[in-house]
Amino acid sequence: MSRLTATRMTSPLHPYTDAWWALYESAFPATERRSWAVHAAALRETLFHCLYLADDSGFVGLLTYWQLAEVVYVEHLAIVPELRGGGYGHAALELLTSPVILEIEPVVDALTARRLAFYRSCGFVELPTPHVQLAYQVGQPDIPLLLLSRPFMDEATVARFEQLYLEHPMRYRDSAGR
């Protein structure tokens with residue numbers, strides 16, 4: 001792996017948008033992603049960070065996160081499939097300051113077990129707080145997820161995160177496609 005760079009995308013007209021969007025649509029189901037129009041609106045939000053990840057050879061992945069007061073909320077992280085396992089996910093998470101919180105699906109199969117193992121290897125721990133992600137597409141079911149943090153967060157910090165999560169990221173939900 002060569003040196004990872006991150007470029008913040010602040011406009012849907014950014015030259016890297018097509019590659020970024022293609023990975024976003026392939027890596028996340030509709031219930032976990034925004035439509036094109038709502039994503040473009042979220043880009044104007046100063047708390048929202050949409051990153052294009054690259055190395056010397058080009059595009060390697062994407063990372064979106066929200067700076068919610070004292071907590072960084074990782075919303076999306078995806079690495080180009082053929083580059084997974086090459087250290088890019090670890091390097092992307094190292095770009096973030098602590099404390100960091102994120103959601104993953106409960107472990108039900110080999111894929112979700114690998115995902116949990118990856119985040120544990122990055123220093124994340126599971127939080128006991130129940131959490132439900134509202135579907136990004138109205139009409140889709142909400143999703144019960146696990147919360148992970150680095151370092152461990154107390155109940156008061158998690159409660160503050162849940163409040164800010166509803167006020168900011170979950171304001172950007174819709175019913176349309178791209």
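Two strands are taken to pair if DSSP finds at least two bridges between them, and the exercises below apply this to a predicted model.

**Exercise 1.** Determine which strands pair with strand E4, and in which direction each of them runs relative to E4.

*Solution.* Begin with strand E3, residues 58–68, which is joined to E4 by 8 bridges in an antiparallel arrangement; within this pairing, glycine 61 has isoleucine 79 of E4 as its bridge partner. The two strands form a hairpin with 2 residues between them, and alanine 69 in the turn has a positive phi of about 55°. Turn next to strand E5, residues 100–104, which runs parallel to E4 and is joined to it by 3 bridges, with valine 74 standing opposite leucine 102 in E5. Between these two strands the chain passes through helix H3, residues 88–94, in a β-α-β crossover that is right-handed.

**Exercise 2.** State how many residues of strand E4 are buried.

*Solution.* Strand E4 spans residues 71–79, and 9 of its 9 residues are buried.

**Exercise 3.** Describe the surroundings of serine 149, and decide whether this residue is buried or exposed.

*Solution.* First locate serine 149, which lies in strand E8, residues 143–150. Its relative accessible area is 0%, and because buried means under 20%, serine 149 counts as buried. Then consider the polar contact: the side chain of serine 149 reaches the backbone nitrogen of methionine 153 at 3.3 Å. Finally, leaving aside neighbours within four places in sequence, serine 149 is in contact with Val100, Ile101, Gly123, Phe124, Val125 and Leu127.

Note on methods. Residues numbered from 1 in each chain as written. Predicted model: local features only at pLDDT ≥ 70, side-chain atom pairs only at ≥ 80, totals over all residues. Heavy atoms only, no water. Buried < 20%, exposed > 50% of the residue type's maximum accessible area, 1.4 Å probe, protein only. Helix = DSSP H or I, 4+ residues; strand = E, 2+ residues; numbered from the N terminus. Right-handed = clockwise from strand over helix to strand, strands pointing away. Polar contact = N/O pair within 3.5 Å; in protein donor to acceptor, adjacent residues only side chain to side chain. Contact = heavy atoms within 4.5 Å.
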